[in-house]
Amino acid sequence: MEDIISAYILSTRKQYKSGDLSSMYSKLFKYIDLSLKKLNVECIYTTSFSKHRACENIEFNGKNCLVYDQYLGQTFNMFNRILLEDKPTDAIFSYAHKLMGEYFNRYNYIREAAACGVLYSETRKALLSDGYVDDKRRRYTFIQEFFVMAHEAYHMILRESEDIRAEGMYNIDVYANRRRERTSILSQIPREEWNSLHTDEYREKWLTDEELEKEARDYDQDSQNEVEERINNLLENDENLREELCCDYYAASMVINICHFVFKIDICEILEAIYIATYHLRSLRILEIGCSNYIENGKLGNSNVDSKNPNQFIVESEETLSLIIRSQAMLQRALDLFDFYLGENSIIKTLMPTNSDRDVDKVKFHDDLMSSQQLHYKTIHDTVEQVIGNGLYNGMLEKEIVRREQNQVEFKRFLSSLSELESATNIGLSALAVDNFFGAAALEEQKLKFYNFN
Ligand SMILES: [Zn+2]
């Protein structure tokens with residue numbers, strides 16, 4: 001069995017040497033495995049270190065295997081650094097070109113890869129850390145890596161257990177109904193009547209006064225009704241998307257249980273890190289969609305160009321709508337979990353260590369999540385969309401390539417940038433740092449506590 005898995009990894013990616021992170025990851029795998037074993041799900045775990053930035057669950061001959069690529073963790077770590085150090089947009093401009101360059105390189109789009117590579121190497125100074133080692137960043141990365149592993153584990157669990165699948169799908173239906181109710185109000189009520197909604201049930205369920213006003217102000221019924229309708233339909237009918245949401249939902253609970261009760265991380269911070277992970281994944285996916293559209297169509301937007309807005313294509317595709325749903329659903333999940341663990345009548349509160357965040361209020365928590373989301377837009381997501389929109393959709397990258405090809409010196413730099421892209425280890429070994437931070441003993445020492453609780 002292990003032979004088949006190594007053959008799979010060898011044939012799907014080029015491996016790089018990494019620091020020895022296996023001990024750190026095998027600890028996380030152990031936690032995941034305990035949950036799987038309870039349901040009699042057998043799984044083999046392995047890591048790779050390549051440009052194949054993914055966590056996958058694969059089935060070979062009826063056996064499950066979880067393959068985690070450590071480069072995903074490095075990427076999260078860089079995003080977290082950009083986010084938490086509130087870096088200028090130059091930083092993500094640079095990093096987005098590295099990621100695009102790697103993608104183009106993988107598909108042998110050498111001119112594009114080189115152009116992205118040289119733009120990255122010319123601007124990468126912006127990515128340098130200011131030297132401050134931030135524990136919060138380490139925790140974020142740790143939680144996010146764990147979350148994507150748990151998410152994959154739940155794909156396996158859903159394959160095996162009808163009951164768990166049914167319960168998960170029921171939760172998605174509840175969410176879908178709530179969302180439909182909300183959008184039907186947003187889409188039908190005349191704007192002049194918004195003020196009277198302030199005392200309405202709607203507000204209590206969904207929004208603070210300020211948010212309601214903002215949402216009502218911003219909601220353009222003509223253009224948004226259609227998008228909202230498509231989102232609701234996807235949420236109700238797209239089985240793949242519904243399974244993704246189920247896995248997100250369950251994974252968030254698993255991560256909170258282990259990270260809070262074993263590692264003593266603040267619940268609000270765990271939920272925030274997971275919520276932000278959905279935005280990281282969304283930005284990564286948008287870069288990939290942009291590059292793969294470019295590869296397929298020669299340039300972007302052929303199928304849906306109808307806009308002066310270079311980002312329009314991003315809103316248009318079903319896949320990006322799914323990404324939007326996942327981050328919105330995760331917000332709802334975070335608020336639900338908050339209620340479960342920290343809400344008024346939570347029994348779980350009594351199990352918490354006394355120094356934990358028992359008494360945070362929900363409005364503050366919600367506001368904090370919203371500010372992290374806005375910070376993500378400002379420091380990461382908007383720039384990623386612009387890089388794709390201007391670089392690929394509006395043809396700026398091609399202009400850059402032509403300009404540099406005409407100049408010999410520039411052309412040499414071009415080629416050397418490719419080897420720079422090849423070096424996978426140049427952004428540091430995040431997981432190793434995390435391992436040092438938590439210490440090997442912490443896991444063993446706290447293990448029992450969690451399982452008693454569970
Ligand atoms: Zn998935």
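Two residues count as in contact if their C-beta atoms, placed from the backbone, lie within 7 Å. With that in hand, here's a quick tour of this predicted model. There are two things to look at: an open sheet of three strands with helices H3 and H6 on it, and a crossing between helices H7 and H11.

**The sheet**
- The strands come in the order E1-E3-E2, and the pairing is mixed.
- E1 and E2 sit at the edges with a single partner strand each, so one side of each has no neighbour in the sheet.
- On average, neighbouring strands here are turned by 25° against each other, if you ignore direction.

**Strand by strand**
- E3 (residues 63–69) has six of its seven residues buried, so the rest of the structure largely encloses this strand.
- On one side, E1 (residues 43–48) runs parallel to E3, and the two pair over six bridges.
- To find your place in that pairing, look for Thr 46, which stands opposite Val 67 in E3.
- E2 (residues 55–60) also pairs with E3 over six bridges, but in the antiparallel sense.
- Here a handy marker is Cys 55, whose bridge partner in E3 is Tyr 68.
- E2 and E3 form a hairpin with two residues between the strands, and Asn 61 there takes a positive phi near 45°.

**Helices on the sheet**
- H3 (residues 70–84) lies across E1, E2 and E3, and its direction is about 40° from that of E3.
- H6 (residues 135–160) packs on the sheet too, touching E1, E2 and E3, with its direction at about 25° to that of E2.

**Where H7 meets H11**
- The axes of H7 (residues 162–188) and H11 (residues 239–261) come within 9 Å of each other and cross at roughly 100°.
- Angles of 65 to 115 degrees count as roughly perpendicular, and H7 and H11 are therefore roughly perpendicular to each other.
- On the H7 side, the contact is made by Gly 168, Met 169, Asn 171 and Ile 172.
- Facing them from H11 are Arg 242, Leu 245, Cys 246, Tyr 249 and Tyr 250.
- Sorted by class, this contact of H7 with H11 has six nonpolar, two polar and one charged residues.

Terms used: Residues are numbered from 1 along each chain as its sequence is written. This is a predicted model: local features need pLDDT of at least 70, side-chain atom pairs count only at pLDDT 80 or more; totals for chains, interfaces and linings use all residues. Axes are lines fitted to C-alpha atoms, for helices over the stretch in contact, and angles run from 0 to 180 degrees between N-to-C directions. Helices (H or I, at least four residues) and strands (E, at least two) are DSSP runs, numbered from the N terminus. Angles under 35 degrees count as roughly parallel, over 145 as roughly antiparallel, 65 to 115 as roughly perpendicular and the rest as oblique. Ala, Val, Leu, Ile, Met, Phe, Trp, Tyr, Cys and Pro count as nonpolar, Asp, Glu, Lys and Arg as charged, and the others, Gly among them, as polar. A residue is buried if 20 or more other C-beta atoms lie within 10 Å of its own, exposed if 12 or fewer, and partly exposed in between; C-beta atoms are placed from the backbone. Two strands pair if DSSP finds at least two bridges between them.
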